[in-house]
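Grab a coffee and work through these exercises with the model open beside you. Each task comes with a solution in steps.

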Amino acid sequence: SEICVIGLGYIGLPTAILLSDGGFNVIGVDTSSYVIESLIRGRSNISEPGLSERLLLAIHERRFIASYDIPIADTYIVAVPTPFNQDKSADLSAVFSVIEGIGRVMKPDSLVIIESTCPIGTTEICRDKIFNILRERNLAQDSECINLAYCPERVLPGNIMEEIVTNDRIIGGITPNASEKAEQIYSRVIKGSLMLTNSRTAEMAKLIENSFRDTNIAFANEISLIAEEVNVNPWEVIELANRHPRVNILQPGPGVGGHCIAVDPWFLVEATPGISRIVKMAREVNDSIPKTVLDRFEKLRYDCLENGIYPLDVLIMGLTFKANVADMRESPALQITESIVRKYGDADHIHILEPNIDSLPVSIEDRARLTTDPLSNKNYDIVLILVDHTAFNIDLVQEIVFRSRHIIDKRGLIRRLGVKN
Ligand code: SAJ
């Protein structure tokens with residue numbers, strides 16, 4: 001049978017390849033000409049271990065075809081982005097426009113699955129939209145007959161091709177019948193358990209999963225601020241507390257980035273502003289961390305100036321939102337770097353070490369330099385470790401530490417690697 005996957009990003013493309021390898025004919029749809037042109041040439045528009053080889057084969061064997069247009073298909077999977085607006089409200093325009101596009105071409109018994117992260121109740125709104133269009137097309141009398149399900153994705157960027165098969169999945173049908181239909185599709189390719197529920201519960205489960213992680217990291221970040229204030233090593237104190245059999249605190253860092261954890265909790269806050277207090281505060285705590293890093297940087301820079309050091313050589317290690325990915329969306333490391341470059345790019349020498357990118361983002365390219373050989377510089381006045389890439393190994397970090405006057409290590413890398421300071 002034919003499946004159409006709409007939105008070929010970090011979720012849609014791996015899903016399309018998974019289904020294609022599982023024996024379905026898959027048509028991938030995207031509005032971006034960059035995405036479609038890359039795919040037609042057999043090139044993946046996202047970097048994810050294990051994806052490109054399978055993609056190339058699927059395209060070669062014509063099991064996967066990329067297109068701009070939504071075709072008639074038995075099943076549709078929607079995986080377009082749901083960003084937030086300036087005021088933190090969800091921007092559902094991409095989901096709604098895709099749902100309308102599907103409604104105009106689908107068969108009345110086609111199955112529609114939404115995987116995009118959505119506020120609670122979105123799937124019901126989509127059902128009404130589909131129903132209205134089908135009614136205009138004289139194809140539906142009863143909205144109960146529409147096969148629509150919300151099935152959130154929970155794969156971890158960097159390990160998507162593995163988790164997309166093994167993770168348990170939630171299937172939230174708009175009716176029990178729709179849940180069963182979606183289950184039949186996923187059960188062909190997924191090894192994890194499939195948990196059937198209604199659409200609202202599925203929507204909320206996705207949001208609380210990411211809010212849970214955000215809250216735990218906010219707690220870790222707050223602990224780290226407290227620890228620094230009272231002269232305790234934050235990494236050590238958390239490691240020791242985690243030896244308690246029922247304590248599991250995550251790691252502090254330079255802030256929380258990515259397009260999921262830094263976004264999704266706001267969908268809960270938007271729906272229930274007076275009640276979602278911890279969720280909101282966790283977001284605010286995590287969003288406030290980059291500023292504390294900048295404050296620390298400015299203190300150390302002032303210290304350098306006091307000692308007659310000018311201009312400074314600054315080394316920034318890592319720009320991406322987390323280790324071993326190339327993605328810089330909502331990255332606190334990039335945000336911190338942009339502030340430093342904006343304020344001091346003309347005065348100081350700002351070197352950037354980011355092994356996962358080939359060129360700097362436009363926001364900083366004029367006044368910072370991407371380096372591939374940080375040891376070509378004799379010494380650094382301030383080093384900021386903002387991402388713990390595997391490429392930042394003990395030999396490299398040790399050598400950089402030897403050459404630097406001040407270090408701001410927001411990932412606890414020096415301690416973890418056992419680097420002498
Ligand atoms: N981070 C910390 N400390 C930690 C863990 C993470 O500061 O201990 C930071 C990271 O550096 C990064 C951010 O949090 O900036 C998010 O990274 P992540 O690895 O925790 O999560 P994502 O955004 O890559 O993927 C999350 C995952 N959600 C959960 O683990 C609950 C993933 O399973 C979801 O599929 C994904 O969001 C999504 O698409 O919603």
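**Exercise 1.** Find the place of Pro-311, then work out the peptide bond that leads into Pro-311.

*Solution.* Start with the location: Pro-311 is in the loop between H11 and strand S9 (313-317). Helices (H or I, at least four residues) and strands (E, at least two) are DSSP runs, numbered from the N terminus. Next, look at the bond from Tyr-310 to Pro-311: it is cis, with omega near -10°. For background, most peptide bonds are trans, and most residues other than glycine have a negative phi.

Before you go on, note that this is a predicted model, where local features need pLDDT of at least 70, side-chain atom pairs count only at pLDDT 80 or more, and totals for chains, interfaces and linings use all residues. Residues are numbered from 1 along each chain as its sequence is written.

**Exercise 2.** Describe the phi of Arg-62 and say where Arg-62 sits.

*Solution.* Phi is positive here, about 60°, although Arg-62 is not a glycine. As for the place, look in the loop between H3 and S3.

**Exercise 3.** Follow the sheet that contains S9: what is the strand order, and which strands stand at the edges?

*Solution.* First, the order: five strands form an open sheet, S11-S10-S9-S12-S13, with parallel pairing. Two strands pair if DSSP finds at least two bridges between them. Second, the edges: strand S11 (369-370) and strand S13 (404-409) each have a single partner strand, so one side of each has no neighbour in the sheet. Third, zoom in on S9 and strand S10 (residues 349-353): five bridges join these parallel strands. Met-317, for one, has Leu-353 in S10 as its bridge partner.

**Exercise 4.** Now do likewise for the sheet of eight strands.

*Solution.* Reading across, you get S3-S2-S1-S4-S5-S6-S7-S8, an open sheet with mixed pairing. Strand S3 (64-67) and strand S8 (194-198) are the edge strands, each pairing on one side only. From one strand to the next, the twist averages 25°. Inside the sheet, strand S1 (residues 2-6) runs parallel to strand S2 (residues 25-29), and five bridges join them. Cys-4 stands opposite Ile-27 in S2.

**Exercise 5.** How do helix H8 and helix H11 pack?

*Solution.* Take the geometry: H8 (residues 199-229) and H11 (residues 277-306) meet at an angle of about 50°, with axes 8 Å apart. Axes are lines fitted to C-alpha atoms, for helices over the stretch in contact, and angles run from 0 to 180 degrees between N-to-C directions. The two helices are therefore oblique to each other (under 35 degrees is roughly parallel, over 145 roughly antiparallel, 65 to 115 roughly perpendicular, the rest oblique). Then the contact: H8 residues including Ser-211, Ile-217 and Leu-225 meet H11 residues including Ile-278, Val-285 and Thr-292; contact means C-beta atoms, placed from the backbone, within 7 Å. By class, the contact residues are eight nonpolar, five polar and three charged. Here Ala, Val, Leu, Ile, Met, Phe, Trp, Tyr, Cys and Pro count as nonpolar, Asp, Glu, Lys and Arg as charged, and the others, Gly among them, as polar.

**Exercise 6.** Which residues are closest to the ligand, and how does the shell divide by class?

*Solution.* Of the 20 residues that surround the ligand, the closest are Leu-250, Gln-251, Gly-253, Gly-258 and Cys-260 (a residue counts if its C-beta atom, placed from the backbone, lies within 6 Å). Sorted by class, the shell has nine nonpolar, six polar and five charged residues.

Terms used: Contact = placed C-beta atoms within 7 Å.
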